[in-house]
Amino acid sequence: MNYSEIDRICEKYGVEILRDEPLSEYTSFQIGGKCDILVKPDNVDCMREILECCRKNDIKYYILGKGSNVLVSDNGFRGVVIVISSAFSDVRLEDDECIYCEAGASLAKVCAFAKEHSLTGLEFAYGIPGSVGGALFMNAGAYGGEMKDVAESCDYLNENLEIKNMTAEEMMLSYRHSVFSENSYVILGVRFRLCKGDKAEITAKMSELMEKRRSKQPLEYPSAGSTFKRPEGDFAARLIEVSGLKGFTCGGAQVSEKHSGFVINRGGATFNDVMKVIDAVKEKVYADSGVMLEREIEILE
Ligand SMILES: Cc1cc2nc3c(=O)[nH]c(=O)nc-3n(C[C@H](O)[C@H](O)[C@H](O)COP(=O)(O)OP(=O)(O)OC[C@H]3O[C@@H](n4cnc5c(N)ncnc54)[C@H](O)[C@@H]3O)c2cc1C
């Protein structure tokens, strides 16, 4: 693949171009081979030119946030990985109850900002280790809250690489799904509509939820969070446990003994190890309970 045009664009904008970058360093699973090119554009024009170049030259590309919901193949990715980095992480107040967050801002930063301004509504997101863009894409949620409850609108690059604005309704946010799952839009920033609250109460709620995470989730191991979506009327972790798969291991990948909904990297897990665990879990749970579990984590290969 000839990446000389990408080279030229990056040189023009003074953006570093990384070759053969190991994607294991960009994902919370710490799994994944090298990509041909990895770039972290620091402005929208640069991002737009890179995307345009990829599309024109049939170069595969992938938009990566904090990589906390992605499993990357050991063969890596023959294309360009565009990281929505901290260059896009501004968070600001738009009005008394509205904050605007660039897509690369971490949820940790956004939650801290909301708390600082005594704004309630985002407590559920405290502890989800992703970016705002990734969270909107996934309609991330926890403990009874989800992005759908607080996202008012977003700015994004459409298929013609124009900056557009979309309302919450147009985002079609539903359980771990959004309009972004079905097209090639790039989320640039999200507006969250929150409510005035009590700072001490917000702080207490965030601490309580973080404590729940620490006690229930295997945060001491690399993972991509819940491996499977919650099936209607049940929990993936319960079904996996009933099937006797707690601790089920293939190579370095294991169904967490602490939380059966998580597949963890116990050390040196490969893409294939994780996929074998996922496939075995799906097969056994289906045979035992008739429920076909659906993967929540995204695959990049
Ligand atoms: C320990 C742990 C706990 C977790 N707990 C939760 C939880 O409670 N609830 C929950 O919902 N999730 C949870 N997750 C999963 C993950 O953190 C969320 O899905 C998160 O929102 C993903 O954000 P990200 O920036 O890491 O996205 P990535 O993993 O980088 O990307 C996810 C998807 O979004 C796309 N994407 C990312 N940014 C953009 C953008 N700007 N424009 C367009 N597309 C984009 C990517 O192409 C990819 O398809 C957990 C993960 C871990 C490791």
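## Around the ligand, and between two domains

Of the 35 residues around the ligand, the ones that come nearest are Ile 63, Gly 65, Ser 68, Ser 131 and Gly 141. Keep in mind as you look around that this is a predicted model.

Let's stay with the ligand for a moment. Three residues place a polar atom by one of its oxygen atoms, and the table lists them with their distances.

| Residue | Part of the residue | Distance to a ligand oxygen atom |
|---|---|---|
| Tyr 62 | polar side-chain atom | 3.2 Å |
| Gly 65 | polar backbone atom | 2.8 Å |
| Asn 69 | backbone N or O atom | 2.8 Å |

How much of the ligand does the protein cover? On its own the ligand has 970 Å² of accessible area, and the protein covers 95% of that.

Now step back to the whole chain. The domain assignment splits the protein chain into domain 1 (4-83), domain 2 (87-202) and domain 3 (218-300). The rest of this tour is about domain 2 and domain 3, whose centres, taken over C-alpha atoms, are 28 Å apart.

Where these two meet, four residues of domain 2 are in contact with four residues of domain 3. The size of an interface is often given as the accessible area lost when the parts come together. Here, about 430 Å² is buried between domain 2 and domain 3, with carbon and sulfur atoms giving 54% of it. On the domain 2 side, Met 138, Tyr 175 and Arg 176 lose the most area to domain 3, and together they make up 89% of what that side buries.

Which residues form a salt bridge here? Arg 176 pairs up with Glu 296, and their closest N and O atoms are 3.4 Å apart. The count of salt bridges between domain 2 and domain 3 is one. There are also two residue pairs in polar contact across this interface. Sorted by class, the side of domain 2 that touches domain 3 has three nonpolar residues, one charged residue and no polar ones.

Terms used
Residues numbered from 1 in each chain as written. Predicted model: local features only at pLDDT ≥ 70, side-chain atom pairs only at ≥ 80, totals over all residues. Heavy atoms only, no water. Domains from an automatic or database assignment. Contact = heavy atoms within 4.5 Å. Buried area = accessible area lost by both parts, 1.4 Å probe. Salt bridge = Lys/Arg side-chain N within 4 Å of Asp/Glu carboxyl O. Polar contact = N/O pair within 3.5 Å; in protein donor to acceptor, adjacent residues only side chain to side chain. Nonpolar A, V, L, I, M, F, W, Y, C, P; charged D, E, K, R; others polar. Near = heavy atom within 4 Å. Areas by Shrake-Rupley, 256 points an atom, 1.4 Å probe, with all protein chains shown as cover.
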